[in-house]
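Work through these exercises with the sequence and the model side by side. Try each task before reading its solution.

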Amino acid sequence: MSRCRICGSSISPFMSFGRQPISNAFVMPEQFASEYFFELAPAFCTECHSFQIIDQPEAEQMFHGNYAYFASTSRYMCDHFKRFADDVSQRFLAGKADPFVVELGSNDGIMLRNFADAGVAHLGVEPSANVAQAARDRGVTTICEFFNDALAERIVAERGHADALLAANLMCHIPDLHSIAAGARRLLKPDGVMIFEDPYLGEMIAKTSYDQIYDEHVYIFSVASIRWLFDKHGMELFDVQPQITHGGSMRYFLAPKGSRPISPNVERQVAVERELGLHLPETYDRFRRNCEASRGELIALLTELKAQGKRVVGYGATAKGATAINYCGITPDLVEFISDVTPTKQGRFSPGAHIPVKPYDAFAADFPDYALLFAWNHKAEIMAKEEAYRAAGGQWIVYVPKVEVFS
Ligand code: TYD
């Protein structure tokens with residue numbers, strides 16, 4: 001029995017993904033023996049609606065000067081964050097004198113560079129030094145720290161209150177959300193807004209995308225869970241917008257209580273969540289059975305292809321892939337290597353299973369028979385640019401929403 005991080009109720013895991021490594025820790029052979037593992041087990045709290053993992057490694061184990069993930073590797077994501085920034089400017093900053101925008105977990109500046117380019121006062125808060133530096137190199141003002149209520153107080157003292165506080169794929173990383181919510185309330189102007197997006201629980205359950213569950217994702221949010229949390233901090237959820245990014249996300253719009261009209265989208269989405277049964281323990285039992293079935297099918301397929309002497313290569317050394325690989329028991333025996341465009345991952349080995357990660361050229365120079373798409377959330381972008389692979393007879397394997405081969 002454990003305690004819910006949000007409301008303190010007792011919670012128990014409904015399944016375990018077994019011992020898992022740090023999902024973005026691409027390792028060298030000399031690090032194999034000292035690799036860090038933890039038990040990855042998710043639970044659902046029926047009191048405050050939060051979906052969370054029971055144990056999470058220390059933040060410093062995951063976010064540091066050698067953080068492997070650079071958000072700007074996807075063209076589509078660059079466009080997505082340009083649209084996000086434009087929406088914020090038009091809907092919430094228009095007509096304001098000297099607006100000030102803060103982003104939490106600003107990574108390599110993929111979103112804030114749009115504000116920087118437009119001459120808008122901004123501040124990125126990013127705890128991983130190498131990606132923070134990449135943002136600064138692009139002209140994005142960035143401090144390298146973890147955000148909390150104390151830092152919010154300092155930002156207010158040094159730079160004033162914010163008109164917009166943004167975050168993408170960040171909030172679900174932070175165990176102490178009360179400190180973030182309190183800090184957000186403190187940082188915002190009375191008419192300010194907080195807008196963030198993260199992978200959405202409804203999509204994860206519907207697609208059996210169990211690989212959204214890994215060390216960094218201490219929570220997978222729903223509208224009900226976000227409303228519950230921020231209500232305790234004088235904040236109100238006034239709109240929600242589904243997003244297709246990261247395999248299905250939700251964008252949440254929050255403001256100090258009573259400061260804005262509430263869109264009917266909020267109640268509508270809460271009703272969708274009840275229909276999906278997100279509040280019911282049996283939904284998570286079914287999810288567990290679906291995960292087990294998916295794992296069985298994927299391993300059976302890879303084993304069969306190996307028996308036929310086919311070459312299978314992974315595409316995209318994603319953090320999500322760490323859960324899929326280690327939960328399913330995918331070994332270098334079944335997947336020869338993983339191709340990835342990120343220099344910080346290349347020449348290293350995937351966490352846990354130690355599948356080599358190679359540059360994209362290794363894939364293009366000698367097409368495999370099958371490419372296992374670990375970056376399934378970028379499927380449209382990748383299919384559009386892999387015409388030559390398709391033309392050469394290459395086949396794709398996906399495992400979300402179900403295990404499937406297509407050409
Ligand atoms: P991503 O799906 O954004 O997420 P996460 O690591 O959070 O699960 O990671 C995409 C990875 O795939 C990243 O390492 C870059 C890589 N990638 C390619 O190698 N080629 C591509 O065309 C794209 C779009 C991504």
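**Exercise 1. Cysteines**

Find the cysteine sulfur closest to that of Cys 7 and decide whether the two are bonded.

*Solution.* This is a predicted model, so the test is on computed positions.
- Step 1: The closest cysteine sulfur to that of Cys 7 belongs to Cys 45, at 3.5 Å.
- Step 2: A disulfide requires two cysteine sulfur atoms within 2.5 Å. The pair Cys 7 and Cys 45 is therefore too far apart for a bond.
- Step 3: Turn to Cys 291. Its nearest cysteine sulfur, in Cys 328, is 9.2 Å away, and Cys 291 is in no disulfide.
- Step 4: The structure as a whole holds 0 disulfides.

Now classify Cys 7 and Cys 291: is each buried, partly exposed or exposed?

*Solution.*
- Step 1: Cys 7 has a relative accessible area of 25%. Buried means under 20% and exposed over 50%, so a value in between is partly exposed. Cys 7 is thus partly exposed.
- Step 2: Cys 291 has a relative accessible area of 0%, so this residue is buried.

**Exercise 2. The ligand site**

Describe the shell of residues around the ligand, then list polar side-chain contacts to ligand oxygen atoms.

*Solution.*
- Step 1: Count the shell. The ligand is surrounded by 20 residues, and the closest are Ala 319, Lys 320, Asp 340, Lys 345 and Lys 385.
- Step 2: Sort by type. The shell holds 8 nonpolar, 7 polar and 5 charged residues.
- Step 3: Locate the helices. At least two shell residues come from each of α11 (319–328) and α13 (379–385). The largest share, 3 residues, is that of α13.
- Step 4: Check the distances. A polar side-chain atom of Lys 345 is 2.7 Å from a ligand oxygen. For Thr 342, an N or O atom of the side chain is 3.3 Å from a ligand oxygen. For Tyr 214, a polar side-chain atom is 3.4 Å from a ligand oxygen.
- Step 5: Assess the cover. On its own the ligand has 560 Å² of accessible area, and the protein covers 97% of this.

**Exercise 3. A seven-stranded sheet**

Give the strand order of the open sheet that includes β7, and name its edge strands.

*Solution.*
- Step 1: The 7 strands run in the order β9-β8-β7-β10-β11-β14-β13, with mixed pairing.
- Step 2: The edges are β9 (142–143) and β13 (235–243), each pairing on one side only.
- Step 3: Look at the neighbors of β7. Strand β7 (residues 100–104) is parallel to β10 (residues 162–168), with 4 bridges. Leu 104 has Ala 167 in β10 as its bridge partner.
- Step 4: On β8 (residues 121–125), the pairing with β7 is also parallel, over 5 bridges. Here Val 102 stands opposite Leu 123.
- Step 5: Test burial. In β7, 5 of 5 residues are buried. Phe 100, Val 102 and Leu 104 lie on one side, Val 101 and Glu 103 on the other.

**Exercise 4. Around β19**

Which strands pair with β19, and in what sense?

*Solution.*
- Step 1: β18 (residues 370–373) pairs with β19 (residues 395–398) in the parallel sense, over 3 bridges. Ala 371 is matched with Trp 396.
- Step 2: β20 (residues 404–406) runs antiparallel to β19, joined by 3 bridges. Val 398 is matched with Glu 404.
- Step 3: The link from β19 to β20 is a hairpin of 5 residues.

Notes. Residues are numbered from 1 along each chain as its sequence is written. This is a predicted model: local features need pLDDT of at least 70, side-chain atom pairs count only at pLDDT 80 or more; totals for chains, interfaces and linings use all residues. Side-chain values use heavy atoms; hydrogens and water are left out. Buried means under 20% relative accessible area, exposed over 50%, partly exposed in between (1.4 Å probe, protein chains only). A residue is near a molecule or strand if one of its heavy atoms lies within 4 Å of it. A polar contact is a pair of N or O atoms within 3.5 Å; within protein, one must be able to donate a hydrogen and the other to accept it, and residues adjacent in sequence count only if both atoms are side-chain atoms. Accessible areas come from the Shrake-Rupley method with a 1.4 Å probe; for residues, only the protein chains shown count as cover. Ala, Val, Leu, Ile, Met, Phe, Trp, Tyr, Cys and Pro count as nonpolar, Asp, Glu, Lys and Arg as charged, and the others, Gly among them, as polar. Two strands pair if DSSP finds at least two bridges between them.
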